[in-house]
Amino acid sequence: EIAQCLVGSEMCIRDSNNHSDRGTNYAPTSVDARIEANIKAIELAQQLIESGELATPKQMAVLRKFSGWGGLGKVFSDNTYSTRLQQLMGTEAYQEAVMSANSAYYTPAYVVDTLWDIVTQMGFKGGYILEGSAGIGNILGQMPTNISEHSDIHAIEIDGTSGGILSLLYLSLIHISEPTRH
């Protein structure tokens with residue numbers, strides 16, 4: 001079932017929490033470094049999914065560097081990157097990546113930290129949490145432990161590549177289904 005995530009399925013997960021370090025941006029900042037990190041993360045995700053292996057902490061660090069394709073139009077216009085990515089992802093996933101370049105963005109750690117600070121200041125101590133556009137799970141990963149331990153956490157990610165990485169970082173899969181596009 002997890003292998004379906006790389007070909008554009010909707011995925012819902014439930015997990016306690018696979019915490020990442022607060023205040024840490026895992027994705028590189030330069031365009032070329034982000035492209036290379038994304039490619040390495042996709043290669044690793046495909047290997048892990050095909051083998052059925054769980055990601056080690058070192059492999060999770062590689063997966064966390066995936067930042068999506070927002071702001072990375074160069075990857076689709078540079079023939080070397082474009083060809084490499086098409087071979088790696090296949091036609092359908094590559095087209096999804098092209099389409100996401102204008103709408104998928106990495107959420108910086110300071111934004112995530114501020115979000116959880118506000119939620120905490122408002123008195124939220126746990127409950128039902130739905131992340132409706134989870135990406136690879138940065139917002140969930142930086143959730144304070146005292147909230148995640150008292151919450152029923154669900155995430156949805158329609159992009160197959162991000163969803164595959166999300167499934168490797170957050171293992172308790174609830175549901176995978178074909179996406180509905182309008």
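Helices (H or I, at least four residues) and strands (E, at least two) are DSSP runs, numbered from the N terminus. The model is predicted: local features need pLDDT of at least 70, side-chain atom pairs count only at pLDDT 80 or more, and totals for chains, interfaces and linings use all residues. Residues are numbered from 1 along each chain as its sequence is written, and side-chain values use heavy atoms, with hydrogens and water left out.

**Exercise 1.** Determine how many helices and strands the chain contains, and in which pattern they follow.

*Solution.* Step one: the chain has 9 helices and 4 strands. Step two: along the sequence, their pattern reads β-α-α-α-α-α-α-β-α-α-β-α-β.

**Exercise 2.** Locate E131 and state whether E131 has a salt bridge.

*Solution.* Step one: strand β2, residues 128–131, contains E131. Step two: E131 is buried, where buried means under 20% relative accessible area, exposed over 50%, and partly exposed in between (1.4 Å probe, protein chains only). Step three: a salt bridge is a side-chain nitrogen of Lys or Arg within 4 Å of a carboxyl oxygen of Asp or Glu. E131 has none, and R64, the nearest side chain of opposite charge, is 12 Å away. Step four: the E131 side chain does reach the backbone nitrogen of S133, at 3.3 Å.

**Exercise 3.** Describe the salt bridge between D117 and R22 and the network that includes these residues.

*Solution.* Step one: the closest N and O atoms of D117 and R22 are 2.5 Å apart. Step two: this pair links distant parts of the chain, with D117 in helix α6 (residues 109–121) and R22 in the loop between β1 (10–14) and α1 (31–51), 95 residues apart. Step three: D117 counts as partly exposed because its relative accessibility is 32%; R22, at 45%, is also partly exposed. Step four: salt bridges link R22, D113 and D117 in a network.

**Exercise 4.** Characterise the largest pocket by its volume and its lining.

*Solution.* Step one: on a 1 Å grid over the protein atoms alone, a pocket is an open set of points where a 1.4 Å probe fits, with protein on both sides within 12 Å along at least five of seven lines; lining residues have an atom within 4 Å of a point. Step two: the volume of the largest pocket, the space filled by probe spheres set on the points, is about 650 Å³. Step three: 26 residues line this pocket, and A104, S133, E157, D159 and S162 lie nearest its centre. Step four: α5 gives the most to the lining, with 3 residues.

Notes. Lys and Arg count as positive and Asp and Glu as negative; His and the chain ends are not counted. A polar contact is a pair of N or O atoms within 3.5 Å; within protein, one must be able to donate a hydrogen and the other to accept it, and residues adjacent in sequence count only if both atoms are side-chain atoms.
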